[in-house]
Amino acid sequence: MVEKMGNSLKGGGQDLHGNPKGRDRRNWAGISAALFYGSMSVASVFLNKAIFEVWRYRYPASLVAGQTVFTVLAIFTLSRFGVIKLGKFNMDHFKRVFTVSAVFQFKLVLDMSALVLVNIPMYGILKSSTTPFVMLLDYVLRNRVPAMRIQAAVWVTTVGGLVAGFGDLHFEPLGYVLALSSAACTACYVVLVGKLGDELQLDSFTLLLYNSLWSTPLSFGITILTGEVTGVMNYPHVTEVTFLAAFTMSCASAFVLNYATYLCTQLNDALTTSVVGRTKSVVQGVAGLFAFSVSWGVTNVCGLTLNSVGICWYAWERYAEKRRGTRLENVRRGIGALNENFLTRNESQLTLSPKKQMNGFGLHRHPTRASESGSSSMASMNGHGGGG
């Protein structure tokens with residue numbers, strides 16, 4: 001369906017002004033996809049927080065289990081109707097995804113558990129520490145140090161987080177520990193998926209399916225081990241239609257966010273998806289100040305502002321850096337239309353990257369930098385359901 005959309009948007013001929021006929025439609029489709037991805041990324045966090053805050057549902061592992069089950073069903077359903085394409089099932093690849101799935105599942109449970117205890121602005125700030133964790137892993141594992149401008153942006157973000165935490169009027173030590181642990185876990189997940197994506201060249205939905213197939217039993221196991229089964233069965237609103245509707249929407253939001261990431265990357269590029277993923281954190285933080293009765297002070301707001309400046313600065317530096325590289329690459333190989341995409345890594349985010357054919361198969365790798373990627377969503381798988 002996405003491929004057909006891309007072909008129809010390309011169009012043929014020129015309009016009265018000499019511009020390609022399909023360019024305006026293509027631009028509007030790209031803008032719509034970016035807005036859809038950004039809004040879903042923010043909405044998924046607010047939906048999950050509403051489950052915990054409004055409904056007083058305190059069973060995050062069971063919510064993660066619901067999201068993984070919904071994702072598996074959605075992928076099979078959309079594949080059946082030809083909306084998305086899946087690669088042929090490969091048992092060797094499936095086995096290799098297990099470690100990634102285990103880390104991903106642990107990350108999601110930490111995400112949700114932190115969101116139970118921490119307000120949305122501080123949740124976003126604490127999750128932004130994923131980037132320095134990834135930088136640390138890159139230095140330890142690959143002896144790789146980013147440019148000074150990027151380091152400076154990350155330090156501004158980190159200092160803003162410390163200031164905001166110092167002024168947090170709802171300080172919850174356990175919530176902070178869980179959120180920071182989630183950020184560290186996310187960094188490990190980003191590094192693992194980036195390596196696996198380069199090696200196996202799995203398209204995004206096939207990798208998401210493999211991950212969800214492993215995550216489903218793992219999530220149910222965690223739900224049983226944490227004793228949430230009894231709590232869910234005794235939860236007073238478990239049979240209420242409004243709660244079940246909210247729960248279902250929360251479960252659906254995780255997959256819809258992944259699909260929105262896919263559309264945004266297909267109709268724009270991985271860089272746009274990465275920048276939108278960064279800047280949505282600012283919108284999420286500001287909106288979170290006025291949701292769920294959050295109390296805030298001057299110090300907290302100053303820290304949030306400094307953190308947001310750092311996030312925007314980092315997004316700009318990544319944008320400028322990637323654009324410089326993209327222009328050189330486009331001159332060398334030409335710009336394609338909509339391509340088959342696979343999940344790989346771009347610094348501290350995951351996203352889709354076009355598969356370049358070499359002798360009918362394979363990825364052309366740049367010798368000095370990772371392939372283009374971005375997000376965890378994938379909720380994406382990068383956060384997914386948590387919103388990262």
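Modeller: Helices here are DSSP runs of H or I with at least four residues and strands are runs of E with at least two, numbered from the N terminus; on that basis the protein has 14 helices and four strands. The model is predicted, so local features need pLDDT of at least 70 and side-chain atom pairs count only at pLDDT 80 or more, while totals for chains, interfaces and linings use all residues. Residues are numbered from 1 along each chain as its sequence is written, and side-chain values use heavy atoms, with hydrogens and water left out.

Biologist: What makes Phe-243 buried or exposed?

Modeller: A residue is buried under 20% relative accessible area, exposed over 50%, and partly exposed in between, with a 1.4 Å probe and protein chains only. Phe-243 has a relative accessible area of 2%, so it is buried. Across the protein, buried residues make up 53% of the 388 residues.

Biologist: Why is the contact between Trp-55 and Phe-243 called an aromatic pair, and of which kind?

Modeller: Rings of Phe, Tyr and Trp (for Trp, its six-membered ring) pair if their centres lie within 6.5 Å, and planes under 30 degrees apart count as stacked, over 60 as edge-to-face and the rest as tilted. By this rule the count comes to 22 aromatic pairs. For Trp-55 and Phe-243 the centres are 5.6 Å apart and the planes stand at 65 degrees, which is edge-to-face. Trp-55 lies in the loop between helix 2 (23–53) and helix 3 (60–80) and Phe-243 in helix 12 (residues 241–267), so the pair ties together parts that are 188 residues apart in sequence.

Biologist: What is the kind of the pair formed by Phe-171 and Tyr-176?

Modeller: The ring centres of Phe-171 and Tyr-176 are 4.8 Å apart and their planes are at 65 degrees, so this pair is edge-to-face. Phe-171 is partly exposed at 48% relative accessible area, whereas Tyr-176 counts as buried at 10%.

Biologist: Which residues form one aromatic cluster with Trp-55?

Modeller: The cluster is formed by Trp-55 together with Tyr-57, Tyr-59, Tyr-235, Phe-243 and Phe-247.

Biologist: How do you know that Arg-96 and Glu-199 meet in a salt bridge?

Modeller: A salt bridge is a side-chain nitrogen of Lys or Arg within 4 Å of a carboxyl oxygen of Asp or Glu, and by this rule the count comes to seven salt bridges. The side chains of Arg-96 and Glu-199 come to 2.5 Å, N to O, which fits the rule. This pair links distant parts of the chain, with Arg-96 in helix 4 (residues 91–96) and Glu-199 in helix 9 (residues 173–200), 103 residues apart. Arg-96 is partly exposed at 38% relative accessible area, and Glu-199 counts as partly exposed at 35%.

Biologist: What makes the contact of Glu-317 with Arg-149 a salt bridge?

Modeller: The distance between the side chains of Glu-317 and Arg-149 is 3.0 Å, N to O, so this contact too meets the rule. Glu-317 lies in helix 14 (residues 298–333) and Arg-149 in helix 8, so the pair ties together parts that are 168 residues apart in sequence. Glu-317 is buried, with a relative accessible area of 8%, while Arg-149, at 44%, counts as partly exposed.

Biologist: How do you know that the length of helix 5 agrees with what is expected?

Modeller: The expected span of a helix is 1.5 Å times one less than its number of residues. For the 20 residues of helix 5 (residues 98–117) this should be 28 Å, and the end C-alpha atoms are 29 Å apart, which agrees. Helix 5 is also mostly covered, as 15 of its 20 residues are buried.

Biologist: Why is Lys-280 counted as buried, and where is Lys-280 found?

Modeller: Lys-280 is found in helix 13 (residues 270–288), and at 6% relative accessibility Lys-280 counts as buried. The side chain of Lys-280 makes a polar contact with the side chain of Ser-41 at 3.5 Å; such a contact is a pair of N or O atoms within 3.5 Å, where within protein one must be able to donate a hydrogen and the other to accept it, and residues adjacent in sequence count only if both atoms are side-chain atoms. Lys-280 and Met-40 are 240 residues apart in sequence and 9.8 Å apart in space, C-alpha to C-alpha.
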